[in-house]
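The exercises below go with the structure shown next. Work each one before reading its solution.

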Amino acid sequence: MARIKTRKSGSVEKRLIGLADLVIQAAQRKRDPTIQIPVRSLSNVKFNEKRGIIEMGPNRQARSFFNVGMAKKFMQTLLVADALAELQRAELTTSLREIYYRTKHTIKGSHENTFDTQDESDPVIEDLEVALEALREELHVRAENAGTVVGPLVVVDDGDRVDCSRLGKGGYSVPSIVEPEDVQIKKCTADFVLLVEKGTQWNRLAEDRFWKKYNCVLLTGNGQPPRGVRRLARRLHDEKRLPVYVLVDNDPWGYYIYSVVKQGSINLAFESERMAIPDAKFVGLSSSDPEAYGLPRNVGIKLSDKDISRAKELLNYRWFQKKEWQGEIKRMLSIGLKFELDALANKDFQFLTKQYLPKKLKDRDWLD
Amino acid sequence: MTTKATKHPTKPEKPTPQAKPRGLTAAEMGDRQREISVSEFFTKNRHLLGFDSPRKALLTCVKEAVDNALDACEEAGILPEVVVRVEVAGEPPLPPASQATRFRVTIVDYGPGIVRQHIPRIFAKLLYGSKFHRLRMSRGQQGIGISAAGMYGQLTTGKPVQITSRTGENAPTHYFEVQIDTKKNEPRILEKKEIEWERHRGTQVTIELEGRYQKGRASIDEYIELTSIANPHVQLTYHTPEGETKVYPRTFHQLPEPPREIKPHPYGIEFGVLLKMLHDTKSHWLSGCLSTDFSRVSPRVAGEICQTAGLNTHAKPRNIMGQDAEKLYKAIQATKIMAPPTNCISPIGEKAILHGLYKQIKGDFYTAVTRPPAVYRGNPFVIEAGLAFGTGKGEAVDSAHKAMPLAEGEHKEAEAELARVIRYANRVPLLYQQSACATFKSVLDTTWRNYGVSQSRGALPAGPMVIFVHMASVWVPFTSESKEAIADYDEIRKEITLALRECGRRLSVFLRRRERAEVEHRRRNIFDLYIEEVAQACKRLKGGKISVEALRKQLHETAMKRTGGEETDEILDKGQPEGLPHSIIVTPEGPEGEVPEMGVASPPEAAPQAAVPEPPKEQEPEKKPKLKKKPKLRKKRAPVKKARKNRKR
């Protein structure tokens, strides 16, 4: 566990302790202790068209103790709250997995474990995030450093000055917490931010010094970008007024990654406010690219049943209702193929750096 | 059973250069034809009799000897008591049982004994027996088994079969060493003498053979255990090759009703058999032949058949052939004839099955169903099914294992546990070729989900469950001579399915009843469990500044109020097995229902007779020591044992 600087965290701790008060008061009045937890599902998000972000709806779910179906969950919620309060007091940060191990034990007088797998504790932490309106960072829970950045960018991390243009091909590993208190953006002379879905393409671009030639910040999140990466992109967008371009695979999951960057995710809709970049643009891979760039059909992959049903779900999302987007997704469905970014190597190893991206950027060929 | 070999000359002659380069003359070929004795045939085809692998050979040997012993005792009206001893044989130093390749199998019974002149032929002549020519239910059918085992031993070790037999207190004890002359299928007596024997009556057979001893599925141990389940009237003692002695006590003190011999039923007869019967009959008239040689054919019915066939009732049976015979055959099938009598079958009976299951298998619920007799191909048969369900929480389980907290992913094993099917034909356990057996197919085809047991498509039901299926018949249709699987006749499948459904229905009644009582109980319990956790978490959150005691108490009171308080305990007070005929329910307080008395050598009338629930007799203190034997025996549900221990309850 890493020691972090003192932050105005008193309120988070108080909110956690509030849960204990809730139980105590309910017990005194012989009532059923109940925690209200906002529902984290598609049914409880709404797309704010004006702001271009997904917001959480008003639906709440009651989690009460004296209900056979919920008793264990309730108990687990309090255990996690206790562990989180402990972190607050000790001023430590930790990972989801460590929380799981910290709270796991056999319930006294039985052979039952408080948690059997991490799959049980992770959602409880997310529940507490939304219920207490506390960000994960404020709860001192961090994710893995799954993102990397390189480019003309200087940040100060924990007092250390990091010049992201002098970090070779490897780049700077984006921490999961990049709030201004932890990471300050000192200087950024780039013209735009390019967020790449996959590490492979990010490596290609870094190796080819694409960022130098086109003066941009290169970011990757290795798949669905983690909070740190999204938050960093958002801050570069806000503080340095940089446009953000997203480069993903041409499949339903790629589209969804883009939409998460742009409008926020369904599961963590309450964080859109801080994370979403409504102005982000989709540069590729578009379903029209294989034809436009002469990718042969045999480097495509047949859409699986799962892909097709996911694509059809996307078609129904409010934030994919723009005409261009409907056309984009329907085209993919009618072709029946998906294309990975890697498939561009079929033309040339450096096709992405030397031809594809330059042409895309020059032609301003992107979707909004 | 002697076959003329036309295709396979027994001894291929070396090819000699001849004028004609290929091919033989008819005369030359004719010279090669010769008779094959049945023993020669089976020496080459021993897999047909269940001697295909060393492991199976050892099991088959034990099985044949035990089956014979039981048949003999039952036929003589003696409650069987059998001792099985399997030892490692050969030159010392003897290897451990798991490594050994040579064994000596000895089976002793206190049966009627065998008269001197029959001994050699019973043990050293294939197809010599008392059971083939009659229609009557018995374990053995053809008279191959024990002599084949002896032949196998002779083939692999060269040792003769040793037999000791005595027919009564005043009779001398005869000791024989016999071998089989495979060419002639006749016994060869190596040693013959009168000896002293401490037993008054009985037979002892010793066969030395090559084999392998392995525990687990389809092992001797399993065979003995299963035999004891389906034959609770048998007292079995088993000395394992590892030097252990296992005793399977008699829990049912009545001999099964002796089955009667019957005549063939006209519906099941094949055309050729009909011709043979017409030829061999002692009657002078056709109508007489029909009504005396067949069962369920009265003179009136015989007349009816003759009329339909257009034959004279007074026709000479021997003269009926060709078209007339065919007409007669068709007429028989067209006439309505009563189903065959069923006193030729002696089912195990619901009570005895219950006793067997209860004795041998650990569970919470037992039930048994005996179907009314039915007929396939003219052969009457009875299907019986039984079921043992649960983990037997009435028993104290190995607590060291249970207390261990589960690591991630550990609990999933127990859920994958599938039911075990135990199959019987005429009280003999069937251990091989499960998936080819009609019983197994019927278990798969039964929709167990309707009865509250989970089941994946095309798989056995999941859960701690043993399913017992028994087919009793004058002629069990096996798929092969080694008697491993029951052939798939529609009539048989239907009966098995009906029996299984009845078991399933009773199981679902039990499960639902238990569920209902448990729901409330569990509700209170989980709250009580979690209250402690919640209270402790609150205390830590508040920095230790609250009274856990008070909080716990308040929460507990709320829990009581919300789950129905004291009333639950009454609901919980276990359901009686009412509405559940022929069933036993085991609760933590003890078993209820038709509970057998364990390990008490009481006279037959002391065995529980009534179907009414009895007070749990196991509670009586003086019987406790006897009960101690039980856990050891019951432990042997080996394949599922481990998973069982990890189950949460």
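**Exercise 1. What percentage of the 649 residues in chain B do buried residues make up?**

Solution. The model is predicted: local features need pLDDT of at least 70, side-chain atom pairs count only at pLDDT 80 or more, and totals for chains, interfaces and linings use all residues. Residues are numbered from 1 along each chain as its sequence is written, while chains are lettered from A and ligands numbered from 1 in the order in which they are written.

Step 1. Fix the term: a residue is buried if 20 or more other C-beta atoms, placed from the backbone, lie within 10 Å of its own, exposed if 12 or fewer, and partly exposed in between.
Step 2. Apply it to chain B: buried residues make up 41% of the 649.

**Exercise 2. State the confidence of chain B and locate stretches where pLDDT is under 50.**

Step 1. pLDDT is the predictor's confidence in each residue, from 0 to 100. Chain B averages 79, and 78% of its residues score at least 70.
Step 2. Residues 1–7 of chain B stay under 50, and the model has 12 contacts for them beyond four places in sequence. A contact here means that the C-beta atoms of two residues, placed from the backbone, lie within 7 Å.
Step 3. Over residues 394–402 of chain B the pLDDT is also below 50, with 13 contacts in the model beyond near neighbours in sequence.
Step 4. Where pLDDT is low, the predicted coordinates should not be read in detail.
Step 5. For the complex, the predictor gives an ipTM of 0.76 and a pTM of 0.58.

**Exercise 3. Describe the sheet of 8 strands in chain B and the helices that pack on it.**

Step 1. Helices (H or I, at least four residues) and strands (E, at least two) are DSSP runs numbered from the N terminus; two strands pair if DSSP finds at least two bridges between them.
Step 2. The open sheet has the order 7-6-5-8-4-3-9-10, with mixed pairing. Strand 7 (186–195) and strand 10 (245–248) of chain B each have a single partner strand, so one side of each lacks a neighbour in the sheet.
Step 3. Strand 5 (residues 161–166) and strand 8 (residues 202–210) of chain B pair in the antiparallel sense over 5 bridges. Ser165(B) stands opposite Thr203(B) in strand 8 of chain B.
Step 4. Angles run from 0 to 180 degrees between N-to-C directions, and axes are lines fitted to C-alpha atoms, for helices over the stretch in contact. Helix 3 (residues 54–75) of chain B touches strand 3, strand 4 and strand 8 of chain B, and its direction makes about 10° with that of strand 4. Helix 5 (residues 145–157) of chain B touches strand 4, strand 5, strand 6 and strand 8 of chain B, making about 40° with strand 8.

**Exercise 4. Check the length of helix 2 of chain A against its number of residues.**

Step 1. The expected span is 1.5 Å times one less than the number of residues.
Step 2. Helix 2 (residues 71–90) of chain A has 20 residues and should therefore span 28 Å; its end C-alpha atoms are 29 Å apart, which agrees.
Step 3. Of these 20 residues, 15 are buried. Glu91(A) follows the helix, with a positive phi near 55°.

**Exercise 5. Which residues bring helix 8 and helix 11 of chain A together?**

Step 1. Helix 8 (residues 252–263) and helix 11 (residues 305–316) of chain A pack at about 35°, with axes 9 Å apart.
Step 2. Pro252(A), Tyr255(A) and Tyr256(A) in helix 8 meet Asp307(A), Arg310(A), Ala311(A) and Leu314(A) in helix 11.
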